[in-house]
Amino acid sequence: MSAPRFLRMRPVDDVAVALEPLSAGEMLDEGVVLIDDIARGHKVALRDLHEGQPLRKLGQIIGLASRDIAAGQHVHLHNLDARAVPHALGSPAANITEMPARTEFQGFRRAGGGVGTRNCIGVMATVNCSATVVREIVARARATVLPGHPGIDAIVPITHTTGCGMSSRGIGIDLLRRTLGGFIRHPNFGGVLVIGLGCEANDIDDLLASQGLVPGPALRTMSIQAAGGTRAAIETGLEEVRSLAALAGRATREPVPAAALTLGLQCGGSDGFSAVSANPALGYAADLLVRSGGTVILAETPEIHGAEGLLLARAADASVAADLEAKLAWWQAYVASHGESLNNNPSPGNLAGGITTIYEKSLGAVAKAGTSTLRGVYDYGQSVDRTGFVFMDSPGYDPCSVTGEIAAGANIVCFTTGRGSVFGAQPVPSVKLATNSEMANHMADDMDFNCGRILEGELSLEAAGRGIYELLLDIASGEASASERNGFGDFEFVPWQLGAVL
């Protein structure tokens, strides 16, 4: 049987998605003759729609017709309006009943109770002023220390563009310190060296005190000024890394429950297939992990706009629902204060891939979270202290969002993409899921799993979800992800910056 050429996802949908390029004059199985050429991933109207009429995809309204639309016409920016659209409505969570057969992976048990999927050394800058020293220490340590310690997976630079030029109190520095503190405590680090300049707003002692951290054998600190300048600090820092590597290199992998996994969910470079293949398949894998006792973090608050009803209906109680509504209200006010609107998302790449409105994009984004009950809502980078499915507030900017998820405790990240994101985030493996086979084959070195096979009828959504779940356990056990093989992660630490720059 030949593969389908288009897909209507729900019986009530007004549009279908082209699974391959379609030409004007062709007749679809629905009895619709195409008026326009339809690019792969883009939408075609299946019935006549009048101006102002709601248009449905995935059973939900994604926009209003901005002009009359005839059956067979291309539906996109020229005839679909995202303003004043009713938000998606959901129903209480109908959790999957399948229990995965495999419920263990090989991880690193830490003294504090956490479990790492990697065994790394972190070299962290408190301020942009110490970033060059940090990077030089890491470069030299990779050449001279790492080869002698096969038990160390990576030596990771953690640098950023802030830490001074800001108030020593308030939201800006609180966010930065919470994020840095989450990385220092992260179980994927066997040791961390924190380096400051010596006069910055983000003072080392205040940073550690604010996070309840105390220097010790696995947490070292130093400042460039106290060390005697740049070259002296590099030499001193290199010796500290050498000592940390000797300590951390003693750790070994052992069987641990899948419940020890905290999965960060992310999508970027999305296309018209994201909501059809990779995102719901990841959602099924996320449900399997929750069934195993693990934790799943959904983030990117601006990218659930319009689909938040699907999450609110799954809230464990009224308090959780209120917390999520408060985050969305903050974002509405925040973007309005800058003369913007949450409707100004999607990105140019999303548009080119067939996504037209934020509502359409958000339906796909929420699909990553499966069907599990929403157990809690967290601030950016706040340590997640419960298991199951939770939400973390963050921007939709991928590096910033993933940085917050890692600070919150994610020890593995799963990232869906249709256009071809190459993102990776040390010290946590990032697993790439392709939404379509064309991109998966074209960028094969960057992809870990091809969900395009769902569109071609080779895999059911459930089978793909099981495959993703198994892959997550394999990579958590030490198998390298594509982004790790390609060396990504040195520049992807991007903490969320709020507050005045002084």
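Begin with helix α8 and select V320, A321, L324, K327, L328, W331 and V335, which are the buried residues of this helix in what is a predicted model. They cover an arc of only 125 degrees around the axis, which places them on the same side of α8. Now display the whole helix, residues 318-337: its 20 residues reach 29 Å from the first C-alpha to the last, close to the 28 Å expected at 1.5 Å a residue. To see what lies over the buried residues of α8, add α7 (308-312), β17 (374-378) and β18, which are included in their cover. Then turn to the face of α8 that points away from its buried side, where the exposed residues A318 and S337 are found.

Both ends of this helix have a detail to inspect. At the start of α8, select D317 and S319, where a side-chain oxygen of D317 comes to within 3.1 Å of the backbone nitrogen of S319. Just after α8, select G339, which takes a positive phi of about 70 degrees.

Stay with α8 and select K327 together with D379. The two residues form a salt bridge in which the closest N and O atoms are 2.3 Å apart. K327 belongs to helix α8 and D379 to the loop between β17 and β18, so the pair ties together parts that are 52 residues apart in sequence. Is each partner buried or partly exposed? K327 is buried, with a relative accessible area of 18%, whereas D379, at 30% relative accessibility, counts as partly exposed.

Next, move to E308, which lies in helix α7. Leaving aside neighbours within four places in sequence, E308 is in contact with H87 and L328, and L328 is one of the buried residues of α8 selected at the outset. E308 is buried yet has no salt bridge, and the nearest side chain of opposite charge, that of R314, is 12 Å away. What does lie beside the side chain of E308 is the backbone nitrogen of G306, 2.7 Å from one of its polar atoms.

The next selection is helix α11, residues 398-408. How many of its residues are buried? Eleven of the eleven are buried, so this helix is largely enclosed by the rest of the structure. Among the buried residues to pick out are D398, P399, C400, E405 and I406. Show α2 (171-185), β15 (262-267), β16 (295-298), β18 (388-392) and β19 (412-417) around the helix, since these are the elements that the buried residues of α11 pack against. Strand β18 therefore appears twice on this tour, as part of what covers the buried residues of α8 and as a packing partner of α11. After α11 comes G409, whose phi is positive, near 125 degrees.From there, go to F108, in strand β8 (residues 104-109). At 4% relative accessibility, F108 counts as buried. Not counting residues up to four places away in sequence, F108 touches G114, V115, G116, T117, R118, N119, D153, A251, T252 and R253. For a sense of scale, select G25 as well: F108 and G25 are 83 residues apart in sequence and 60 Å apart in space, C-alpha to C-alpha.

The last stops concern salt bridges, of which a search of the whole structure finds 18. Select R5 and E26, whose side chains meet in a salt bridge at 2.3 Å, N to O. This pair links distant parts of the chain, with R5 in the segment before β1 (6-7) and E26 in the loop between β2 (15-18) and β3 (43-45), 21 residues apart. R5 is partly exposed, with a relative accessible area of 32%.

Finally, select E239 and R242, which both lie in helix α5 (residues 230-248), three residues apart, or about one turn of the helix. The closest N and O atoms of their salt bridge are 2.6 Å apart. E239 is partly exposed, with a relative accessible area of 47%, and R242 is also partly exposed, with a relative accessible area of 30%.

Note on methods:
Residues are numbered from 1 along each chain as its sequence is written. This is a predicted model: local features need pLDDT of at least 70, side-chain atom pairs count only at pLDDT 80 or more; totals for chains, interfaces and linings use all residues. Side-chain values use heavy atoms; hydrogens and water are left out. Buried means under 20% relative accessible area, exposed over 50%, partly exposed in between (1.4 Å probe, protein chains only). Helices (H or I, at least four residues) and strands (E, at least two) are DSSP runs, numbered from the N terminus. Contact means heavy atoms within 4.5 Å. The expected span of a helix is 1.5 Å times one less than its number of residues. The arc is that of the directions from the helix axis to the C-beta atoms. A polar contact is a pair of N or O atoms within 3.5 Å; within protein, one must be able to donate a hydrogen and the other to accept it, and residues adjacent in sequence count only if both atoms are side-chain atoms. Lys and Arg count as positive and Asp and Glu as negative; His and the chain ends are not counted. A salt bridge is a side-chain nitrogen of Lys or Arg within 4 Å of a carboxyl oxygen of Asp or Glu.
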